[in-house]
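Work through the exercises below with the model open beside the text. Each one sets a task and then solves it in steps.

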Amino acid sequence: MKESFNWAEKHRAEKFSDLRGHDSSVLEVKKFFSSFPNGRKAILLHGPAGVGKTSMAHIIKNELALEIFELNASDFRSRDNLLAKLKPASEQASLFKKGKVLLVDEVDGLSSTKDTGGLPELLNLIEETQFPIIITANNIWDAKFSDLRKKCKVINFKELNYKDIFMILQEIAKKENLSIDNQILISISVKSKGDVRAAINDLQTIAFNDDVSSLYLSLDERDKEQEIFDALKFIFKNMLSQNTLRVYDSVDMPLDKIFLWIEENIPYEYSGEELYKAYEALSIADVFRGRIQSQRHWRFLVYQNIFLSAGISLAKKKPKLGYTQYQKPSRILKIWMSNNQNAHKKSVIAKYAVAAHCSKKKAAKEFHIIKNVLKKPEIQKELRLSEQEISFVNKLA
């Protein structure tokens, strides 16, 4: 069985030469550090998720032998917090390395409010720091980042060409001793839409499940996931508006799945009394859903929608600031994995029943007895089990 360590982390680029598709950005970064501190004191790396911005920060650490002090901007929603955690790091020299670099990741989440926001304090620290600061962001063209852009050297990270992603996947497949058709790797590369991390995650999905169909499950769901991410952000981050009740209209996903996404991510946004109120709204929506399904009372659909959208949105007292990384429902994954296992079990039972001249019902009843026999290579060959079925049988306890 292949190790479960996240491949996006395991195969993260470690040298400037490893970072494909960003030659001009690499040159700009090198110029910045060679001239520091005679120019600007911070670089602002911006671009879509998964294109290598954070990897570039770690490459700088490796190539220039610097200690990196890493912070996630979403952790600092007030001036006091940012000052307490970031300022000491900007004033203390490294004990073991040549120097130090400060990384403020995902700065999109910082507030710009002067009294409580972290962005004004970050601007002050850029002026005062003795060490270079690396800042990453997905979108820096918001008006609130106007002053930050002026104080930083802005470097754009574009979406990677699918050919570059294909080369990366080829290298990883070789390192992991995977035998995967190049057409599949190209399909992953194209569907990733420039997101290297997503492409590597898809490759790992195939490697772990030994099932190419799992790739298409992942790819087909990506666009839908982006839509549900936008809906979650609207419900959790904003206050009630006239569009709240229609927020799920554009989400190409069954309502049952939307329930699971909401259920999974409420705890990432709410706590205390707000958490209670959000789950209460979700439970009431679920009650109406049950009545619709069991009694066909479709007039309850409007009430279900109100509690699932406005009810959950109104659970908070004020807009939620900062970036939140929403999670895919764990129950969906468990159900999908269970269905995959059951599908392999049924197909093995069907083949055994034909060979043993018995009914599928009888073969299923005797499965706990015959499963050890099915592990023998000669039996697997005689039954003409597929690679996926053999993998399933061999993993049985």
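The exercises concern a predicted model and go from the whole chain to single contacts.

**Exercise 1. Overall makeup**

Task: State how many helices and strands the protein has, and what share of its residues is buried.

Solution.
- Step 1. The secondary structure comes to 18 helices and five strands.
- Step 2. The protein has 397 residues, and buried ones make up 43% of them.
- Step 3. Take the contacts between residues at least 6 apart in sequence: 73% of these join residues at least 24 apart.

**Exercise 2. A helix pair**

Task: Describe how helix α12 and helix α13 are arranged, and list the residues that meet.

Solution.
- Step 1. Two packed helices are described by the angle between their axes and the distance between the axes.
- Step 2. Helix α12 covers residues 272-295 and helix α13 covers residues 301-313; their axes come within 8 Å and cross at roughly 165°.
- Step 3. Angles over 145 degrees count as roughly antiparallel, and the crossing therefore makes α12 roughly antiparallel to α13.
- Step 4. The crossing in which α12 passes α13 is left-handed.
- Step 5. On the α12 side the contact consists of A278, A281, L282, I284, A285, F288, R289 and I292. On the α13 side they meet L301, Y303, Q304, F307, L308, G311 and I312.
- Step 6. Sorted by class, the contact of α12 with α13 has 12 nonpolar, two polar and one charged residues.

**Exercise 3. Another position in α12**

Task: Say whether E273 is buried, partly exposed or exposed, and how far its C-alpha atom lies from that of A315.

Solution.
- Step 1. E273 belongs to helix α12.
- Step 2. Its relative accessible area is 47%, so E273 is partly exposed.
- Step 3. E273 and A315 are 42 residues apart in sequence, and their C-alpha atoms are 8.3 Å apart.

**Exercise 4. Salt bridges**

Task: Give the number of salt bridges, then examine the pairs R12 with E9, E176 with K10, and K237 with E269.

Solution.
- Step 1. Counting a side-chain nitrogen of Lys or Arg within 4 Å of a carboxyl oxygen of Asp or Glu, the total is 10 salt bridges.
- Step 2. In the pair of R12 and E9, the closest N and O atoms are 2.7 Å apart. R12 has a relative accessible area of 21% and is partly exposed; E9, with 43%, is partly exposed.
- Step 3. In the pair of E176 and K10, the closest N and O atoms are 2.7 Å apart. This pair links distant parts of the chain, 166 residues apart: E176 is in the loop between α7 (162-175) and α8 (182-191), and K10 is in helix α1 (residues 7-10).
- Step 4. E176 has 14% relative accessibility and therefore counts as buried. K10, at 30%, counts as partly exposed.
- Step 5. In the pair of K237 and E269, the closest N and O atoms are 3.2 Å apart. K237 lies in helix α10 (residues 213-237) and E269 in helix α11 (residues 255-269), so this salt bridge ties together parts that are 32 residues apart in sequence.
- Step 6. The cut-off for buried is under 20% relative accessible area. K237 has 11% and is buried; E269 has 8% and is buried.

**Exercise 5. Contacts of K351**

Task: Locate K351 and list what it touches, not counting residues up to four places away in sequence.

Solution.
- Step 1. K351 is in helix α14, which spans residues 330-356.
- Step 2. With 29% relative accessibility, K351 counts as partly exposed.
- Step 3. Beyond four places in sequence, K351 touches L383, R384, L385, S386 and E389.
- Step 4. For L383 the C-alpha separation from K351 is 6.2 Å, with the two positions 32 residues apart along the chain counted as their separation.

**Exercise 6. Positive phi**

Task: Find where N177 and H357 lie, and decide whether each is buried or exposed.

Solution.
- Step 1. N177 is not a glycine, yet its phi is positive, at about 55°. N177 is placed in the loop between α7 and α8.
- Step 2. The relative accessible area of N177 is 70%, so N177 is exposed.
- Step 3. H357 is not a glycine either, and its phi is positive at about 55°. The loop between α14 and α15 (360-365) holds H357.
- Step 4. With a relative accessible area of 75%, H357 is exposed.

Terms used
Residues numbered from 1 in each chain as written. Predicted model: local features only at pLDDT ≥ 70, side-chain atom pairs only at ≥ 80, totals over all residues. Heavy atoms only, no water. Axes fitted to C-alpha atoms, helices over the stretch in contact; angles between N-to-C directions. Helix = DSSP H or I, 4+ residues; strand = E, 2+ residues; numbered from the N terminus. Parallel < 35°, antiparallel > 145°, perpendicular 65-115°, else oblique. Left-handed = near helix turned anticlockwise from the far one by under 90°. Contact = heavy atoms within 4.5 Å. Nonpolar A, V, L, I, M, F, W, Y, C, P; charged D, E, K, R; others polar. Buried < 20%, exposed > 50% of the residue type's maximum accessible area, 1.4 Å probe, protein only.
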